[in-house]
Amino acid sequence: MVIRRRTLIKGALAGAALFSFPAWAQPAPRWVILDWGLTEMALLLGITPVGVAAPDWYRRLFSQPALPSQVADVGLLFQPNYETLFELRPSQLLVTPAHRMAEAQLSRIAPLSYFATSGPSPWQLAQQNFQKLAQLADDPTQADNVMARLQQRLVVARQQAARFKNQPIYLLHPLDTLHVLALGAGSLFVDVLALLDLQHSIPFAVSAQGYATLELETLTQLAPGWLVLLPSWPEIDMTPVLQSPLWHTLTRPEGHRLLLLPDGLSTEGGVLTAVRFAEALVKALQEANP
């Protein structure tokens with residue numbers, strides 16, 4: 001029997017259909033992300049980017065979600081390696097307004113999706129970015145489910161924080177033995193303090209990103225409260241900082257009290273980091289006041 005070429009092709013196509021993806025299945029997005037907070041939230045949605053800026057720094061600053069080892073290093077946050085980007089063939093580049101200076105070069109590689117990462121209401125902005133990521137992945141329901149679980153964790157943390165609401169809390173990044181970076185309005189973690197109904201007040205001007213660089217002696221002007229240290233800057237050796245005579249002066253019995261939070265809570269984080277910060281803070285307060 002002579003089998004026509006057309007018949008062979010039709011048969012091959014029919015066989016291939018048996019092993020093809022179902023009509024509802026979508027291929028995983030090939031995202032390259034040039035921001036760590038967006039990287040965190042993409043992983044939280046179950047999406048592993050093909051490339052990330054400075055992935056080793058993400059792993060040092062963010063303890064969750066873990067970034068798989070196969071994710072490519074595409075260079076620095078604002079100086080990516082264009083050759084690497086081109087080789088990865090991304091379906092989308094996820095960037096911030098700060099990347100507009102490189103828009104001409106980046107747009108030749110893949111479509112750009114811009115996400116604002118700073119503003120007066122960081123917690124609200126993080127939630128909006130999380131929803132936008134889910135919509136970009138064509139899976140908005142996943143974001144709703146994840147946020148529902150995170151909101152419930154915040155409810156529990158707020159209940160546990162109720163007995164600590166009478167003392168102010170100051171959020172600080174030690175820079176050296178004489179200076180700190182104080183967090184103020186415009187910082188994600190300060191927004192979280194408000195969600196927990198905890199006091200926070202920095203009577204100093206802060207930048208648009210929510211920071212103020214202060215001399216350590218300046219903290220003596222603040223009403224006694226909790227000095228919460230956020231040691232998420234790996235280049236800072238905390239040992240000489242905490243052994244500084246100034247810190248001992250600040251934390252004398254009638255002064256401030258000191259809390260040291262664990263690593264892996266970056267102020268550049270997204271919705272998961274915000275909730276993990278709330279839980280870590282409440283746990284530290286409980287351990288200091290059993």
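A polar contact here is a pair of N or O atoms within 3.5 Å; within protein, one must be able to donate a hydrogen and the other to accept it, and residues adjacent in sequence count only if both atoms are side-chain atoms. This is a predicted model, where local features need pLDDT of at least 70 and side-chain atom pairs count only at pLDDT 80 or more, while totals for chains, interfaces and linings use all residues. Residues are numbered from 1 along each chain as its sequence is written, and side-chain values use heavy atoms, with hydrogens and water left out.

**Exercise 1. Find the polar partner of the Thr267 side chain, then place Thr267 in the fold.**

Step 1. Start with the polar contact: the side chains of Thr267 and Tyr211 pair up at 2.9 Å.

Step 2. Now the location. Thr267 sits in the loop between β10 (257-260) and α11. Helices (H or I, at least four residues) and strands (E, at least two) are DSSP runs, numbered from the N terminus.

Step 3. Check the burial. Buried means under 20% relative accessible area, exposed over 50%, and partly exposed in between (1.4 Å probe, protein chains only). Thr267 has 13% relative accessibility, so it counts as buried.

Step 4. List the surroundings, with contact meaning heavy atoms within 4.5 Å. Neighbours within four places in sequence aside, Thr267 touches His173, Leu183, Leu188, Phe189, Tyr211 and Leu230. Take Phe189: the two residues are 78 apart along the chain, yet their C-alpha atoms are separated by 6.8 Å.

**Exercise 2. Do the same for Gln92: which side chain does its own side chain meet in a polar contact?**

Step 1. The partner is the side chain of Ser113, at 2.7 Å.

Step 2. Gln92 belongs to strand β4 (residues 92-95).

Step 3. Its relative accessible area is 15%, so Gln92 is buried.

Step 4. Beyond four places in sequence, the contacts of Gln92 are Arg30, Trp31, Val32, Ala110, Pro111, Leu112, Ser113 and Leu136.

**Exercise 3. Work out how the buried residues of α7 are arranged around the helix axis.**

Step 1. Get the dimensions. Helix α7 covers residues 140-161, 22 in number, and spans 31 Å from first C-alpha to last, close to the 32 Å expected at 1.5 Å a residue. That expected span is 1.5 Å times one less than the number of residues.

Step 2. Pick out the buried positions: Ala143, Val146, Met147, Leu150, Leu154, Ala157 and Ala161.

Step 3. Look down the axis. The buried residues of α7 fall within an arc of 100 degrees, so they line one face of the helix. The arc is that of the directions from the helix axis to the C-beta atoms.

Step 4. Turn to the other side of α7, where Arg149 and Gln159 are exposed.

Step 5. Ask what does the covering: the list for the buried residues of α7 includes α2 (36-44), α6 (122-136), α8 (188-195) and α11 (271-288).

**Exercise 4. Which helix gives the most residues to the largest nonpolar core?**

Step 1. Fix the term: a nonpolar core is a set of buried Ala, Val, Leu, Ile, Met, Phe, Trp, Tyr and Cys residues joined through side-chain atoms within 4.5 Å.

Step 2. The largest such core has 52 residues, and Leu171, Phe277 and Leu281 have the most contacts inside it.

Step 3. The top contributor is α11, with eleven residues. A second, separate core of 16 residues includes Ala182, Ala212, Leu229 and Val241.

Step 4. Look at α11 itself: 13 of its 18 residues are buried, so this helix is mostly covered.

Step 5. Zoom in on Leu171. Once neighbours within four places are set aside, its contacts include Leu181, Phe189, Val190, Leu193 and Phe277.

**Exercise 5. Sort out the backbone oddities at Pro65, Ala54 and Asp138.**

Step 1. The peptide bond from Gln64 to Pro65 is cis, with omega near -15 degrees. Pro65 is in the loop between α3 (55-61) and β3 (72-73).

Step 2. Ala54 has a positive phi, near 45 degrees, despite not being glycine. Ala54 lies in the loop between β2 (51-52) and α3.

Step 3. Asp138 also has a positive phi, about 60 degrees, and it is not a glycine. Its loop is the one between α6 and α7.

Step 4. Buried or exposed? Ala54 is buried at 11% relative accessibility, whereas Asp138 is exposed at 57% relative accessible area.
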